[in-house]
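Colleague: I have a model open in front of me and would enjoy a close look at a single part of it. Could you walk me through that part, and then through its surroundings?

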Amino acid sequence: MEYHHLLDKQVKKMLPAQYLEDETILQFLGAINNSFKNFDKSIKLADHAFNVSEREYVAVTDNLRLQNEIKQRSISQLKEAIKALNPDAELNISDSDNDLIHIISFLHERIAKAKELEVALIQSKELAEKAAMAKAQFLSIMSHEIRTPMNAVIGFTHLLIHQDPKPEQKEFLNFLKFSAENLLVLINDILDFSKIEAGRVEFESVDFSLTDLIKNIRLALLQKANEKNILIKLMMDQDLPNAIIGDPVRLGQILTNLMSNAVKFTHKGKVTVSASLTSSTADSSTIEFEIADTGIGITPDKIEHIFESFSQASSDTTRKYGGTGLGLTITKRLLQLLGSDIAVESEYGKGSVFNFSLTFKNSRKKLTSTADSDEFYRLKSLKGTRLLIAEDNQINVILAKQFMKQWEVECDVAENGEIALMLVKTHDYDMILMDLQMPEMDGYQTTRAIRELPGDKYKNLPIIALTASAMLDIQDMAFTVGMNDYVSKPFNPNELHRKIDLYSRQKESV
């Protein structure tokens, strides 16, 4: 047997050879040998365990030191960040890098204040939204209340002017018509400004003749210019396209504002309106517009303020010439929404020049000149057309029936939505002129009820909203319930005639 080296040394030294032949002694020596070996193993295990523990201790200690350094850096950076965010705040934080509890307390305090501020901001936002809604509702109600009698004033003035009045009566009627239309311009300025502020302006994309548009605006302003003995000259580039695609109503509004201002502030000389093609491609045309006058001009210190809301060059200007001071503001905002801007040059006492450029898509249509002279008596007869007027205001009913008589249109009248629904069920109408604000059932409810009647006849029956309401989303609401078109009051007789004619022809073609 191979003994442990210590045991082997003692056996050789102390035991005679003959004892090594005794079985009992050999067993005893084997047991001792095993004990020596186990003891060696235990020592090795103990040494290994000690070495491992020492390495682990060193690693843990290094890690703790690293974590402590990270903690100290983090606390320092937190302090710096807090001080940077709020330099004026009184921080209850000591110079010790272990003052983490104070930092957490400070952050809790700031978070609580931030939540209070958030609640206050939410409440302020809700109040602002309620105020904006109240403003919109107020404008809608006031507009409706003003537009309803204005519809009668302007409409009956149109009728009287074309019934051969005496010369002095015609002069008075023209004054009445001019004053009523001026009042309507003021109302429209306020409503348009409200729409722009609310971000609810939408632009159409229709084919129109730029030349006809400018000529019609000139015709509308010509009477006022003639009264002041000034000229309105048009300088139209021969290279302008026959037709373009855009929003003629908004462009007309921009040009009308600028041209009417030029006429208003010019006492002698002329107003020159220029439209020139500056660049073109197969798909688009860029056109520069310029409106120049020989009027009172603007002082240099006032030029930068004339586009501000409710602003005019001076209080004296407001007293002399009137107006809301919104025309140029609306013009500038509309041009910005169209991706352009307006520039002005002026010399006090000698006149002003306004110019801007717009890019339009080219139209493939060939449009014929259709100058609108506002002579509704020249409009063609609509004989054979039968329509229903749903309207509760008796003055507006009388006015509408007078125009229908001129155009040879048969019409029935319903004083409220319930009567309108009953008449639609029992009569065959080509279309309906639907007022939106009526007793019993309003125009929206009545339209829904008509569209829900069985049969394609009621689903396809043209319904034109005819209302003085001015809610910003009125057109969207009208189309949502199933109406086909929209005419605002006071209505332009030519526009109403065109729409009645259009939907009559559409029904005949079905």
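Which residue does UniProt list for "modified residue: 4-aspartylphosphate"?

Modeller: Happy to! Please keep in mind that this is a predicted model. The residue listed by UniProt for that feature is Asp435, and the entry is an unreviewed one. You will find Asp435 in the loop that runs between strand E10 (431-434) and helix H12 (443-451). Its relative accessible area is 3%, so Asp435 is buried, the cut-off being under 20%.

Now for the company it keeps. Setting aside neighbours within four places in sequence, Asp435 contacts Ala390, Glu391 and Asp392, and also Gly443, Leu466, Thr467 and Lys489. Gly443 is where helix H12 (443-451) begins, just past the loop that holds Asp435.

From here, let's step out to the nonpolar cores. The largest nonpolar core has 39 residues, and the members that touch the most others in it are Leu251, Leu255, Phe289, Ile291, Phe354 and Phe356. At least two residues of this core come from each of helices H5 (210-227), H6 (248-264) and H9 (327-337), and likewise from each of strands E2 (231-236), E4 (270-280), E5 (284-293) and E7 (351-362). Helix H6 contributes the most, giving 7 residues. For a feel of this core, try Phe289: leaving out residues up to four places away in sequence, its contacts include Leu210, Ile214, Leu251, Leu255, Phe354, Phe356 and Phe360. A second, separate core, of 25 residues, counts Ala390 among its members, along with Tyr458, Ala465 and Tyr486. Ala390 brings us back to our starting point, as one of the residues in contact with Asp435.

The aromatic rings deserve a glance too, with 4 aromatic pairs in the structure. In one of them, the ring centres of Phe208 and Phe360 are 6.4 Å apart and the planes lie at 80 degrees, so this pair is edge-to-face. It joins distant parts of the chain, with Phe208 in strand E1 (residues 206-208) and Phe360 in strand E7, 152 residues apart. Phe208 and Phe360 are both buried. In another pair, Phe403 and Trp407 have ring centres 5.6 Å apart and planes at 35 degrees, so the pair counts as tilted. Phe403 is buried at 1% relative accessibility, and Trp407 is buried at 1% as well.

One last stop is a charge over a ring: the charged end of Lys332 sits over the ring of Phe307, 5.1 Å from the centre of that ring.

Definitions and conventions:
Residues numbered from 1 in each chain as written. Predicted model: local features only at pLDDT ≥ 70, side-chain atom pairs only at ≥ 80, totals over all residues. Heavy atoms only, no water. UniProt positions renumbered as here; feature names shortened; annotations may be inferred. Helix = DSSP H or I, 4+ residues; strand = E, 2+ residues; numbered from the N terminus. Buried < 20%, exposed > 50% of the residue type's maximum accessible area, 1.4 Å probe, protein only. Contact = heavy atoms within 4.5 Å. Core = buried A, V, L, I, M, F, W, Y, C linked by side-chain atoms within 4.5 Å. Phe/Tyr/Trp six-rings, centres within 6.5 Å; stacked < 30°, edge-to-face > 60°. Lys NZ or Arg CZ within 6 Å of the ring centre and 35° of its normal.
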